[in-house]
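The following questions and answers are for a reader new to this structure. They take up the contacts with DNA, then a pocket, then aromatic rings.

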Protein chains: 2
Amino acid sequence: MITADEFFPALADPTRLRCLLLLAGEGELCVCELTHALDESQPKISRHLATLREAGIVSDRREGLWIHYRINPDLPGWAREILSTASRANAAAKPFAQDRRRLRGAPTRPPVRCCA
Amino acid sequence: MITADEFFPALADPTRLRCLLLLAGEGELCVCELTHALDESQPKISRHLATLREAGIVSDRREGLWIHYRINPDLPGWAREILSTASRANAAAKPFAQDRRRLRGAPTRPPVRCCA
DNA sequence: ACGATATATATGTCCATACGTATATTTAAA
DNA sequence: TTTAAATATACGTATGGACATATATATCGT
């Protein structure tokens, strides 16, 4: 069972927070989608996801080549509550709106080919 | 207006988190009460409170020698919500229960003389 | 078996930040 | 105007953690 002392440090990094807010809003995303949406390097995203996984905040599911991440459904209620509160509060904020737009495939960028 | 990228790092330090959870539950506390409740050095508590103040998460009010801190009432709703969720969720957890007990004046410790 | 794609991990470096100790500041009282 | 109490800040050090780069692993198609 995760404690507050383990939970909040995991949200303190902007990259991890962006991942979590996307996952909270979208349900399930694979690494390449997150890499594309956040426009960050693959190892960077992967290691941050590993941090979140080791903290028990996200869970992963392999499907062929792809590994899908989601908010860990076994996360205690207060933690899930905090994530949805943060997600709701930041839905309108510019940086997160940009992440969502990139996730969908931005007009100025090549469309997401992976994770069809 | 504080952003999520500024808010969550402030909760990532255990000392700051303990201060915030106490403040969320007790309303207003002075530095010496927090120092006593957390059993930490005065400069340590003071500097962490300064961090929280500079982030806009707490506000302070001088009253003679004492400076009382509280959760900043102008904090956006989502942030206050997250703090009360965390406070409620951790009320029963041992470390925070100990902090509250020390705040009241633990049997094995000298009673709080300051901040009458 | 080989190559390609998706993801993970290892390594070395660098920077932010938490810490202890010492000292400064502010207020009140004698 | 000293003195004491409460709080704040300065400073040097150390360490956790984020980073880029390179490489390893896993899965699938041919």
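Q: Which side chain has a polar atom 2.8 Å from a base nitrogen of DNA strand D?
A: The model is predicted. A pair of N or O atoms counts as a polar contact within 3.5 Å, and a distance of 2.8 Å to a base nitrogen of DNA strand D meets that cut-off. The side chain that supplies the polar atom is that of B:Gln42.

Q: Which elements give two or more residues to the surface near DNA strand D?
A: Both chains contribute to this surface. Chain B gives helix 3 (31–38), helix 4 (42–54) and strand 3 (66–71). From chain A comes helix 4 (42–54).

Q: Which residue places a polar backbone atom 3.4 Å from a phosphate oxygen of DNA strand D?
A: Phosphate oxygens of DNA strand D are approached by side chain and by backbone. An N or O atom in the side chain of B:Ser46 is 2.8 Å from one such oxygen. The polar backbone atom at 3.4 Å belongs to B:Ile67.

Q: What percentage of the atoms of DNA strand D within 4 Å of the protein belong to sugar or phosphate?
A: The strand is surrounded by 21 residues, and A:Lys44, A:His48 and B:Tyr69 are among the closest. These surrounding residues divide into 11 nonpolar, four polar and six charged. Of the strand atoms within 4 Å of the protein, those not in bases are in sugar or phosphate, and their share is 64%.

Q: What is the volume of the largest pocket?
A: The lining draws on both chains, with A:Trp78 and B:Phe96 among its residues. Helix 1 (4–11) of chain A and, in chain B, helix 5 (77–90) and helix 6 (94–104) each supply at least two lining residues. The lining divides into seven nonpolar, two polar and two charged residues. The pocket's volume is about 150 Å³.

Q: How many residues apart are A:Phe7 and A:Trp78?
A: The rings of A:Phe7 and A:Trp78 have their centres 5.2 Å apart and their planes at 80 degrees, an edge-to-face pair. A:Phe7 belongs to helix 1 of chain A and A:Trp78 to helix 5, so the pair links distant parts of the chain. Both residues are buried. Along the chain, their separation is 71 residues.

Q: Why is the pair of B:Phe7 and B:Phe8 classed as it is?
A: The ring centres of B:Phe7 and B:Phe8 are 5.3 Å apart, and both residues are buried. Planes over 60 degrees apart count as edge-to-face. Because the planes of B:Phe7 and B:Phe8 stand at 70 degrees, the pair is edge-to-face.

Terms used
Residues are numbered from 1 along each chain as its sequence is written. Chains are lettered from A and ligands numbered from 1 in the order in which they are written. Side-chain values use heavy atoms; hydrogens and water are left out. On a 1 Å grid over the protein atoms alone, a cavity is a set of points where a 1.4 Å probe fits but cannot get out, and a pocket is an open set with protein on both sides within 12 Å along at least five of seven lines; lining residues have an atom within 4 Å of a point. Grid points are joined across faces, edges and corners, and a volume is the space filled by probe spheres set on the points. Helices (H or I, at least four residues) and strands (E, at least two) are DSSP runs, numbered from the N terminus. Ala, Val, Leu, Ile, Met, Phe, Trp, Tyr, Cys and Pro count as nonpolar, Asp, Glu, Lys and Arg as charged, and the others, Gly among them, as polar. A residue is near a molecule or strand if one of its heavy atoms lies within 4 Å of it. A polar contact is a pair of N or O atoms within 3.5 Å; within protein, one must be able to donate a hydrogen and the other to accept it, and residues adjacent in sequence count only if both atoms are side-chain atoms. Rings of Phe, Tyr and Trp (its six-membered ring) pair if their centres lie within 6.5 Å; planes under 30 degrees apart count as stacked, over 60 as edge-to-face and the rest as tilted. Buried means under 20% relative accessible area, exposed over 50%, partly exposed in between (1.4 Å probe, protein chains only).
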